[in-house]
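Please open the model in your viewer with the cartoon and the side chains available, and follow the selections below in the order in which they are given.

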Amino acid sequence: MRTLVLDQGYQPHRIVSWQRAVGLLFEGKVEVVEEYEDELRSVSITIRMPAVVRLLRALRGRKRAVKFSRMNVATRDDFRCQYCGEKHPLRRLTYDHVVPRSQGGRTCWENVVMACYECNARKSADTPEQAGMRLLKKPVKPKWLPIIAFRIDPACSVPEAWANWLYWHGTLEEDS
Ligand SMILES: [Zn+2]
């Protein structure tokens, strides 16, 4: 049994063993958000196993920059081609330089979006304006990306009690 830890803002933070979660609970660091059916018994107390807990204090030093990677760009773009808006698994998406490299475009958060191969081919070495195409939204550097801090193995089943808190899970499954 494992426990999903949310940060103070209810964003998925990490996964820990239930023993660790109970430890955090007794240290007063977390509150229980969801419980499993199973009970934990000791001589003096009986508690339900924590399924989801939330940190009571804000995390310090959490301002780690989101790494620029194909997976993280796809997550930012919700796995949608930023031109036609179609949703695809990662393998059917490619990086698109909004301003092409041949026209001085850089490889950075603000100039790279996910595109399907069809749109990418149509756009070719043009800017969206030159190709008569429009971006769904202006690409920006994300401040944070939920759940990307840890990966959930799609082969292992996610406890039902976590479902409400892991809205990226479906997306991650598509990536397998
Ligand atoms: Zn497309």
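Begin by selecting Phe 79, which is found in the loop between H2 and E5. Before going further, please keep in mind that this is a predicted model, and that every value quoted on this tour is computed from it.

**The loop before E5**

With Phe 79 on screen, inspect its backbone: Phe 79 has a positive phi of about 60° although it is not a glycine. Most residues other than glycine have a negative phi. Is Phe 79 buried or exposed? Its relative accessibility is 0%, and because buried means under 20% relative accessible area, Phe 79 counts as buried.

Now extend the selection to Asp 78, which lies in the loop between helix H2 (70-76) and E5. Asp 78 is likewise a residue other than glycine with a positive value of phi, here near 60°. Its surroundings can be read from the relative accessibility of 26%, at which Asp 78 counts as partly exposed, whereas Phe 79 counts as buried.

**The zinc ion**

Select the zinc ion next and display its donor atoms. Which residues coordinate the zinc ion? The donors are the SG atoms of Cys 81, Cys 84, Cys 116 and Cys 119, at 2.3 Å. If you work out the angles among the four donor atoms, you should find them running from 101 to 118°, and the site is tetrahedral. Along the sequence, the spacing of the donor residues follows the pattern C-x2-C-x31-C-x2-C.

Two of these donor residues deserve a separate selection. Cys 116 has a relative accessible area of 3% and is buried, and Cys 119, at 8% relative accessibility, also counts as buried.

**E5 and E6**

From Cys 116, move on to strand E6, which covers residues 112-116 and is mostly covered, with five of its five residues buried. Colour the side chains of E6 by face: Val 112, Met 114 and Cys 116 are on one side, Val 113 and Ala 115 are on the other, and both faces are covered. In a regular strand the side chains alternate between the two faces of the sheet.

Add strand E5 (residues 93-97), which pairs with E6 in the antiparallel sense over five bridges. Within this pair, the bridge partner of Leu 93 is Cys 116 in E6, and Cys 116 is also one of the residues that coordinate the zinc ion through SG. Four of the five residues of E5 are buried, so E5 is largely enclosed by the rest of the structure.

**The four-stranded sheet**

Hide the zinc site and select strands E1 to E4, for which the order to follow across the open sheet is E2-E1-E4-E3, with mixed pairing. Strand E2 (12-17) and strand E3 (30-41) are the edge strands, each of which pairs on one side only. On average, and with direction ignored, neighbouring strands of this sheet are turned by 30° against each other.

Centre the view on strand E1 (residues 2-6), where five bridges join E1 to E2 and the two run antiparallel. Here Arg 2 has Ser 17 in E2 as its bridge partner, while Leu 4 stands opposite Ile 15 in E2. On the link to strand E4 (residues 46-55), three bridges join E1 to E4, and these two strands run parallel. Keep Leu 4 selected, since Leu 4 also stands opposite Val 52 in E4. Four of the five residues of E1 are buried, so E1 is largely enclosed by the rest of the structure.

Follow the chain from E1 into E2 through their hairpin, which has five residues between the strands, and select Tyr 10, which takes a positive phi near 65°.

**The whole chain**

Finally, zoom out and display the whole protein chain, which has five helices and six strands. Traced from the N terminus on, its elements run β-β-α-β-β-α-β-β-α-α-α. Of the 176 residues, 43% count as buried. If you draw a contact map, residues 24 or more positions apart account for 59% of the contacts with a separation of 6 or more. With the surface switched on, the protein chain exposes about 10,600 Å², of which carbon and sulfur atoms supply 49%.

How values were computed: Residues are numbered from 1 along each chain as its sequence is written. This is a predicted model: local features need pLDDT of at least 70, side-chain atom pairs count only at pLDDT 80 or more; totals for chains, interfaces and linings use all residues. Side-chain values use heavy atoms; hydrogens and water are left out. Donors are N, O and S atoms within 2.8 Å of the metal (3.2 Å for Na, K and Ca); water is not among the atoms, so sites may look incomplete. Four donors count as tetrahedral if all angles lie between 85 and 135 degrees; four count as square planar and six as octahedral if opposite donors are over 155 degrees apart and all others between 65 and 115; anything else is irregular. Buried means under 20% relative accessible area, exposed over 50%, partly exposed in between (1.4 Å probe, protein chains only). Two strands pair if DSSP finds at least two bridges between them. Axes are lines fitted to C-alpha atoms, for helices over the stretch in contact, and angles run from 0 to 180 degrees between N-to-C directions. Contact means heavy atoms within 4.5 Å. Accessible areas come from the Shrake-Rupley method with a 1.4 Å probe; for residues, only the protein chains shown count as cover.
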